[in-house]
Amino acid sequence: MPAPSLPPLPRRARPANASRAVRRRVKTLVACLAGCLGALWMVGAPAWALDNGLARTPPMGWNPWYQFECNVNEQLIKQSADAMVTSGMAAAGYRYVNLDDCWMAKTRDANGELQADPARFPDGIQGLADYVHARGLLLGIYLDAGSSTCAGYPGSAGHYREDAVTLGRWGVDYVKMDWCHTGTNANAAAIYTQVRDALAAAGRPMVLSICNWGIQSPWSWGPATGNLWRTDGDFNWYGAPKNYWSAILAVAGHTSRVTRYAGPGAWNDPDLLVAGNKVLTPGEERAQFSLWSMMSAPLLAGNDLRTMSKSTLALLSNRDVIAVDQDPSAYPVVRVGVDGTWQSWIRPLTGSSRALLLLNTGAHTASKNVSIRSVGLPAAPLYRVEDLWTHRLTHTRDKLTVRVAPRDVALLRIYPTQPRTAKRH
């Protein structure tokens with residue numbers, strides 16, 4: 001369902017002789033966010049969401065693909081697990097250390113089982129899982145539902161049950177199942193249901209990440225099948241690596257239309273974070289992290305954790321923004337307006353608060369006037385406004401002017417409050 005939009009408030013009072021019908025229409029439109037969208041927000045998670053007890057909030061972790069592609073080995077994964085802990089990212093909520101394609105040997109073993117490349121993973125996946133678990137983290141791995149992986153390694157078609165048992169024996173906690181080489185007429189819902197059932201029978205809880213790039217509308221059947229599903233293609237479908245920014249905006253726009261399908265245990269996945277990979281400006285990195293958090297997306301860092309800068313670490317560890325992503329109420333976000341170079345996104349949060357994201361896609365710093373009463377909050381004499389990136393706190397009775405740099409965001413958390421408890425800044 002397309003995100004509803006609201007016409008701008010009139011800047012001048014209407015003439016005294018304006019018809020009552022017109023005045024009533026304007027009042028109805030202004031009240032729409034508080035009423036009409038409130039009904040959408042209260043929908044919550046689908047009743048048919050997969051109930052395996054996992055991913056009750058969006059998974060957080062790391063995936064090496066955009067930074068390293070096939071250049072992965074045991075040392076890299078172990079060092080990345082160590083960096084996740086020592087940097088403080090684990091304490092901020094990042095738990096999954098994931099492998100992507102190319103970890104396997106080129107052939108299965110004599111028993112038909114998957115095996116790790118012995119040169120690059122001499123301790124095997126079970127040894128790697130033990131190392132990751134000893135640091136209080138969880139191990140994720142990559143498989144493909146087709147005859148071979150995207151990079152040409154053994155696929156799991158015809159081996160779903162055997163491969164699930166192998167992963168359970170190794171101690172794997174998260175499975176990304178890709179969609180390469182599945183054939184043109186493959187039924188994604190039916191195949192991923194087989195994968196789901198195979199993992200459930202393997203004797204170990206494992207998150208299932210459906211990675212069929214939004215083909216066959218996985219948000220419509222994914223909640224009953226997996227814990228997360230890709231809503232779209234890789235960023236290179238939309239201009240990356242030359243233009244990651246346009247790709248991120250495209251994927252975010254597509255995902256914004258299906259956020260109502262997600263909820264505890266079942267999440268829309270618009271792909272990895274690319275902060276720290278030197279493909280976005282600092283403002284664009286803030287924008288991606290903010291958009292992903294507003295959409296309750298999995299937060300899977302895609303940079304080199306071992307060498308990341310202090311600024312990248314600060315961005316990825318911003319607990320106020322992470323709290324928006326991990327909010328237990330899991331209400332969907334609504335993109336309420338795309339007005340020239342501005343986008344406005346609103347999401348209800350726990351504790352009678354709202355998150356408001358203002359995205360400036362233009363080439364110049366600009367100001368946006370905001371009516372706090374229009375974001376769906378209950379009426380209050382005063383509102384507390386927290387800027388989650390600058391950490392500034394302000395109070396207002398309604399009006400607020402927000403200044404945003406080009407290709408950057410303001411992310412605000414707004415609470416109704418009382419004058420006697422507020423301190424003006």
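Residues are classed as buried under 20% relative accessible area, as exposed over 50%, and as partly exposed in between. By this rule Q67, at 34% relative accessibility, counts as partly exposed. The structure described here is a predicted model. Q67 belongs to helix α3, which spans residues 65-68. Its C-alpha atom is separated by 6.8 Å from that of D304, although the two residues are 237 apart along the chain.

The internal voids were examined next. A search of the whole structure yields 5 cavities of 30 Å³ or more. The largest cavity has a volume of about 100 Å³. Its lining is made up of N63, N98, L99, Y174, K176, S209, C211, R230, D269, D271, L272 and L300. When these lining residues are sorted by class, 5 are nonpolar, 3 are polar and 4 are charged. K176, one of the lining residues, also takes part in a salt bridge with D100, described below.

Side chains of opposite charge can pair when their charged atoms come close. In the model, the count of salt bridges comes to 18. Among them is the contact between the side chains of K176 and D100, with an N to O distance of 2.7 Å. K176 lies in strand β4 (residues 174-178) and D100 in the loop between β2 (96-98) and α6, so this salt bridge ties together parts that are 76 residues apart in sequence. Both partners fall under the 20% limit for burial: K176 is buried because its relative accessible area is 14%, and D100 is buried because its relative accessibility is 5%.

A further salt bridge is formed by D173 and R204, whose closest N and O atoms are 2.7 Å apart. D173 is placed in the loop between α7 (160-170) and β4, and R204 in the loop between α8 (188-200) and β5 (207-210); the pair thus links distant parts of the chain, 31 residues apart. The accessibility of the two partners falls into separate classes: D173 counts as buried at 7% relative accessibility, whereas R204, with a relative accessible area of 26%, is partly exposed. Salt bridges with shared partners also join E74, K78 and D123 into one network.

The side chains of D82 and R135 likewise meet in a salt bridge, with 2.7 Å from N to O. This pair too connects distant parts of the chain, with D82 in helix α4 (residues 74-86) and R135 in the loop between α6 (124-134) and β3 (138-144), a separation of 53 residues. Neither partner is buried, because the class of partly exposed residues begins where the 20% limit for burial ends: D82 is partly exposed at 27% relative accessibility, and R135 is partly exposed at 31%.

With regard to strand pairing, the model contains an open sheet of 6 strands in the order β9-β10-β11-β16-β13-β14, with antiparallel pairing. Strands β9 (334-339) and β14 (393-396) form the edges, each pairing on one side only. From one strand to the next, the twist averages 25°. Within this sheet, strand β13 (residues 382-387) and strand β16 (residues 408-417) run antiparallel and are joined by 6 bridges. The bridge partner of V385 in β16 is I414.

Several features of the backbone were also noted. A cis peptide bond, with omega of about 5°, joins A240 and P241. P241 is situated in the loop between β6 (228-230) and α10 (244-256). Positive phi values occur at W213, near 65°, and at S296, near 55°; W213 is a residue other than glycine, as is S296. W213 is found in the loop between β5 and α9 (218-221), while S296 is placed in the loop between α11 (282-294) and β8 (299-301). W213 is buried because its relative accessibility of 16% is under the 20% limit. S296, at 3% relative accessibility, also counts as buried.

Key
Residues are numbered from 1 along each chain as its sequence is written. This is a predicted model: local features need pLDDT of at least 70, side-chain atom pairs count only at pLDDT 80 or more; totals for chains, interfaces and linings use all residues. Side-chain values use heavy atoms; hydrogens and water are left out. On a 1 Å grid over the protein atoms alone, a cavity is a set of points where a 1.4 Å probe fits but cannot get out, and a pocket is an open set with protein on both sides within 12 Å along at least five of seven lines; lining residues have an atom within 4 Å of a point. Grid points are joined across faces, edges and corners, and a volume is the space filled by probe spheres set on the points. Ala, Val, Leu, Ile, Met, Phe, Trp, Tyr, Cys and Pro count as nonpolar, Asp, Glu, Lys and Arg as charged, and the others, Gly among them, as polar. Two strands pair if DSSP finds at least two bridges between them. Helices (H or I, at least four residues) and strands (E, at least two) are DSSP runs, numbered from the N terminus. Axes are lines fitted to C-alpha atoms, for helices over the stretch in contact, and angles run from 0 to 180 degrees between N-to-C directions. A salt bridge is a side-chain nitrogen of Lys or Arg within 4 Å of a carboxyl oxygen of Asp or Glu. Buried means under 20% relative accessible area, exposed over 50%, partly exposed in between (1.4 Å probe, protein chains only).
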